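I opened the notebook to record what I looked up in this structure. The entries follow the order in which I checked things.

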Amino acid sequence: MGNPFNYIAINLTNRCNTYCKYCFQSATATDQDYLYFETVKNILDYTGNRADADKKRIVHLTGGEPTMNHDFFKILEYVIQKGFVVRIQSNGLSWNRFRQEDLELLRNKNVSIKISLDGWNAETHEFLRAPNTFELIKSNIQLLTHYCRMVGIKTCVHEKNIDELGRMLEVCKELSVQGFSYSILRREGEALHHVPEQEFQISEVTVAEKLIPLFNKPEYQYLMNGNNLLLYYYTGGNIRYQPHFYVDYDGNVYPHQSCVQEECMGNVLKEGNDVFVLEKALEWGHSHEVDMPTVAYVKEHFQPRNKRG
């Protein structure tokens, strides 16, 4: 079991510069930031000093849209200086507005970025997302690949894209990204009010049935980097999250990103770093619940080109 101090996920802001009908956090442009540079620096110094020095130290920056935190690049620069592996989840809409000197930070080998893109054209991407965003995101992905060596695309699967996910893999190749992953719609947040019920009927095994025959092709298999299906193949579905701490945008600290209120350890803004309790993170860290028919399908049908062991 790993040391939770080696993996810190931080929701830098609940603000967002767009609107998605399925946003599980119900993020808006008008929310307030609470996690400023000095607070994040203090968190990283405290947790970093308790991490295992011989293991990777990972920081996952998310949101809302993390780049809307006014201290985003200051935080990113500090995380890089401290030697963390940095994973950024972004909607991709703002990157063209940043200074080149800030974008240069992305050249660091420890930085990876995952951009949300739900389709191969405006119709598919904007089905559940804001209008007039597709072309800008594509352009910004191309910009990011100029600076960052590890850019991936994450797609929320819905009725407009489920039958032609191969076109998403072609978009990945066109944009020179290094990985493709997906998510299934969740009954929470905005989705409860704005997503048709039939959208929740898409199962993960259906996604696997669409993707695995494609991933078996040499020209696409490298795109499985960061994809759950690859994890299912090698673990047989016995997945347990690396123990970690999740700092929500309001300062609440949890032992995982599900943010179960009963498992909130406290608020770092009000109580300080004493809320990072090792024993609770180890006790409350939870296994990833997977659909076993999906695992069975992947184990039977996936053909890795370079098998481990």
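**Entry: helix α2**

I listed the buried residues of α2 in this predicted model. They are Phe 72, Phe 73, Ile 75, Leu 76, Tyr 78, Val 79 and Ile 80. That is seven of the 10 residues in a helix running from 72 to 81, so I noted α2 as mostly covered. What do the buried residues of α2 pack against? I found α1 (37-48), β2 (58-62), β3 (85-90), α3 (100-103) and β4 (111-116). After α2 comes Gly 83, and its phi is positive, near 85°.

**Entry: helix α1**

I turned to α1, one of the elements that α2 packs against. α1 has 12 residues. From first C-alpha to last, α1 reaches 16 Å, close to the 16 Å expected at 1.5 Å a residue. Its buried residues are Phe 37, Val 40, Ile 43, Leu 44, Asp 45, Tyr 46, Thr 47 and Gly 48. I then looked up what covers them: the cover includes β1 (7-11), β2, α2, β7 (245-247) and α11 (268-271).

**Entry: strand β2 and its partners**

How many of the five residues of β2 are buried? I counted five of the five, so β2 is largely enclosed by the rest of the structure. Ile 58, His 60 and Thr 62 point one way from the strand. Val 59 and Leu 61 point the other way. I checked the pairing next. β1 and β2 run parallel, joined by five bridges. Ala 9 has His 60 of β2 as its bridge partner. β2 and β3 also run parallel, with four bridges. There, Leu 61 is matched with Ile 88 of β3.

**Entry: the whole sheet**

I traced the strand order across the sheet. It reads β6-β5-β4-β3-β2-β1-β7-β8-β9, an open sheet of nine strands with mixed pairing. Which strands stand at the edges? They are β6 (179-184) and β9 (266-267). Each has a single partner strand, so one side of each is left without a neighbour in the sheet.

I followed the β6 end inward. β5 (residues 151-157) pairs with β6 in the parallel sense, over six bridges. Ile 153 has Phe 180 of β6 as its bridge partner.

**Entry: helix α5**

Helix α5 (residues 134-147) packs on the sheet and touches β4 and β5. I noted about 170° between its direction and that of β4. I also checked its length. At 1.5 Å a residue, its 14 residues should span 20 Å, and the end C-alpha atoms are 21 Å apart, which agrees.

The buried residues of α5 are Phe 134, Ile 137, Lys 138, Asn 140, Ile 141, Leu 144 and Tyr 147. I wrote down Lys 138 and Asn 140 with the rest, as both are buried. The cover over these residues includes α3, β4, α4 (122-125), β5 and α6 (165-175).

**Entry: nonpolar cores**

The largest nonpolar core has 79 residues. Which residues have the most contacts inside it? I recorded Trp 95, Leu 106, Ile 153, Phe 215, Leu 229 and Phe 276. I looked closer at Phe 276. Leaving out residues up to four places away in sequence, Phe 276 touches Phe 5, Ile 43, Tyr 46, Thr 47, Phe 245, Val 247, Val 253 and Val 268. Of these, Ile 43, Tyr 46 and Thr 47 are also among the buried residues of α1.

I found a second, separate core of seven residues. Among them are Leu 185, Ala 191, Val 195 and Phe 200.

**Entry: cysteines**

I searched the whole structure for disulfides and found zero. For Cys 148, the nearest cysteine sulfur is that of Cys 172, 15 Å away. Is Cys 148 buried or exposed? At 4% relative accessibility, Cys 148 counts as buried. Cys 156 is buried too, with a relative accessible area of 3%.

**Entry: the loop between α7 and α8**

I finished with two residues in the loop between α7 (191-194) and α8 (204-215). Glu 197 has its place there. It is partly exposed, at a relative accessible area of 44%. Between Glu 197 and Val 275 I noted 78 residues in sequence and 39 Å in space, C-alpha to C-alpha.

Ser 203 is found in this loop as well. At 27% relative accessibility, Ser 203 counts as partly exposed. Ser 203 and Arg 50 are 153 residues apart in sequence, and their C-alpha atoms are 40 Å apart in space.

Methods:
Residues numbered from 1 in each chain as written. Predicted model: local features only at pLDDT ≥ 70, side-chain atom pairs only at ≥ 80, totals over all residues. Heavy atoms only, no water. Buried < 20%, exposed > 50% of the residue type's maximum accessible area, 1.4 Å probe, protein only. Contact = heavy atoms within 4.5 Å. Pairing = 2+ DSSP bridges. Axes fitted to C-alpha atoms, helices over the stretch in contact; angles between N-to-C directions. Expected span 1.5 Å × (residues − 1). Core = buried A, V, L, I, M, F, W, Y, C linked by side-chain atoms within 4.5 Å. Disulfide = S-S within 2.5 Å.
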